[in-house]
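Me: Please pick one backbone feature in this model and take a close look at it. Then carry on from there into the rest of the chain, in plain bench language.

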Amino acid sequence: LHLFPSSICSPLYLFPSLSETVEGYRRYFNQIVGFFLVEDHVLHSTQGLLTRAFTDELWNMALSKITAVLRTHSSYCSDPDLVLQLKNLIVIFADTLQGYGYPVNRLFDLLFEIRDQYNETLLKKWALVFREIFELDNYSPIPVETEEEYKSVISRFPFHDAEIEKQDFPKKLPMSQSVPQIYVQVKEFIYASLKFSESLHRSWTEIDDMLRKSTNLLLTRTLSGCLQNLIKKPHIGLTELVQIIINTTHLEQACKYLEDFITNITNVSPETVHTTRLYGLSTFKDARHAAEGEIYTKLNQKIDEFIQLADYDWGMPESDGQASGYLMDLINFLRSTFQVFTHLPGKVAQTACMSACKHLSTSLMQMLLDSELKQISMGAVQQFNLDVIQCECKWT
């Protein structure tokens, strides 16, 4: 029979299709294992019919074909569950053949390539999860009516505030509902990433490094991208942006608890020289800065909307004796908006106020110096002066 090795190796040419289910991959591996177990049995139970050199050459040829097939197929797989199942089959396949003396290092090297593909599928899956969380958030502080509700929130998110804890129920927590949901989902991602590292015969130090690197990708690429897209959405107004800044502050503070979470899984000290740190701090700082910039932009846009309502009669004989209606509406809007800004860090609120005043001042000056404005009556000058005085009185 061994005069015709190509016919005996036919299982190696029964490649699973790209749409194959896990059962198809299992059949594929079973055929190959069955063939090489028969080869091993013939090698050890007969005299001269087979040689170790022949089976080694056959295995090397098979291994090249197997790794090529699996590399191609895994790259097309978008379902993390299927990639994980494929990984488990490869591990069983490799361990089985290794037990019969066949070298399988190339299979475990391939698993590290597939691990990267697995992480990519996880990142895409969690991007959808994050987007849905942000879409369903009401961007309002979390109301808690009872002690049980309060414990329910802090059991999912590490929040501690002595002042709020002293308050009577009902009370509100500063972050919105997306914060504990995001935190829980990051932990779920870490668990999902850990599943691929099981049975790979790697040290916990290596697994710890893998978990931290994949979590960093989740924070710096996936979550960061979702936050940046959220901030730019047209329906996100000033109130929502303020809440996003508050949310990212609390998520940033929770990063140390995520590091502790990974440490508790791997039991690798964070003080280890080669321990990778989580980049959540920079992720949430960048998102916060983007939200702050968007606040300044939207605030100026609102000021422009009010300015467009200005309808000065530049030839009026005398002023109305009071500030213009559009300006009073604008001042009332700014007053209520700045009240919301009291929840922001002092520097952000101060910068927003200064930015708004500067933009209003520039807009008023441009209105007065408009090249199409040919003449101004004394009454119009007095009316304009009343508006400027009103701005000075309200913001000094």
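Reply: Start at P170, which sits in the loop between α7 (162-166) and β2 (171-173). Helices and strands here are DSSP runs numbered from the N terminus, with helices being H or I for at least four residues and strands being E for at least two. The bond to look at is the one from F169 to P170: that peptide is cis, with omega near -5 degrees. Most peptide bonds are trans, and most residues other than glycine have a negative phi.

Before going further, some ground rules. This is a predicted model, where local features need pLDDT of at least 70 and side-chain atom pairs count only at pLDDT 80 or more, while totals for chains, interfaces and linings use all residues. Residues are numbered from 1 along each chain as its sequence is written, and side-chain values use heavy atoms, with hydrogens and water left out.

Sticking with backbone oddities, look at Y139, in the loop between α5 (105-136) and β1 (142-144). Y139 isn't a glycine, yet its phi is positive, about 55 degrees. Y139 is also buried, at 7% relative accessible area; buried means under 20%, exposed over 50%, and partly exposed in between, using a 1.4 Å probe and protein chains only.

N267 makes a nice contrast. That residue lies in the loop between α11 and α12 (280-307), and N267 too has a positive phi without being a glycine, about 60 degrees. But N267 counts as exposed, because its relative accessible area is 69%.

One more positive phi turns up just after α8, where S199 takes a value of about 70 degrees. Helix α8 itself covers residues 178-197, which is 20 residues, and spans 29 Å from first C-alpha to last, close to the 28 Å expected at 1.5 Å a residue. (That expected span is 1.5 Å times one less than the number of residues.) Within α8 you'll find E188, which is partly exposed at 39%. E188 and W126 are 62 residues apart along the chain, and their C-alpha atoms are separated by 9.6 Å.

Now hop to helix α10 (residues 238-253), home of E252. E252 is an acidic side chain that counts as buried, because its relative accessible area is 15%. Leaving out residues up to four places away in sequence, E252 touches L281, F284, K285 and R288; a contact means heavy atoms within 4.5 Å. T248 is in α10 as well, and T248 is buried at just 1%. With the same neighbours left out, T248 touches L227, F284, A287 and R288. T248 and Y326 are 78 residues apart along the chain, with 35 Å between their C-alpha atoms.

Move on to α11 (residues 255-266) and you meet E259. E259 is buried too, at 11%. Beyond residues up to four places away, E259 touches R212, R277 and L278.

Back toward the N terminus, M61 is in helix α3 (residues 52-75) and is partly exposed at 33%. M61 and H44 are 17 residues apart in sequence and 21 Å apart C-alpha to C-alpha.

So what does the whole thing look like? The protein comes to 15 helices and two strands. Its radius of gyration is 33 Å, well over the 21 Å that the globule rule gives for 396 residues, so the protein is more spread out than a compact globule. (The radius is taken over C-alpha atoms, and the rule is 2.2 Å times the number of residues to the power 0.38.) Along the principal axes, the C-alpha atoms fill a box of roughly 120 × 55 × 35 Å.

Buried residues make up 46% of the 396. Of the contacts between residues at least 6 apart in sequence, 79% join residues at least 24 apart. The protein exposes about 21000 Å², with carbon and sulfur atoms supplying 53% of that; areas come from the Shrake-Rupley method with a 1.4 Å probe, and for residues only the protein chains shown count as cover.

Last, charge: there are 35 positive and 48 negative side chains, and the centres of the two sets lie 5 Å apart. Lys and Arg count as positive and Asp and Glu as negative, with His and the chain ends not counted, and each charge is placed at NZ of Lys, CZ of Arg, CG of Asp or CD of Glu.
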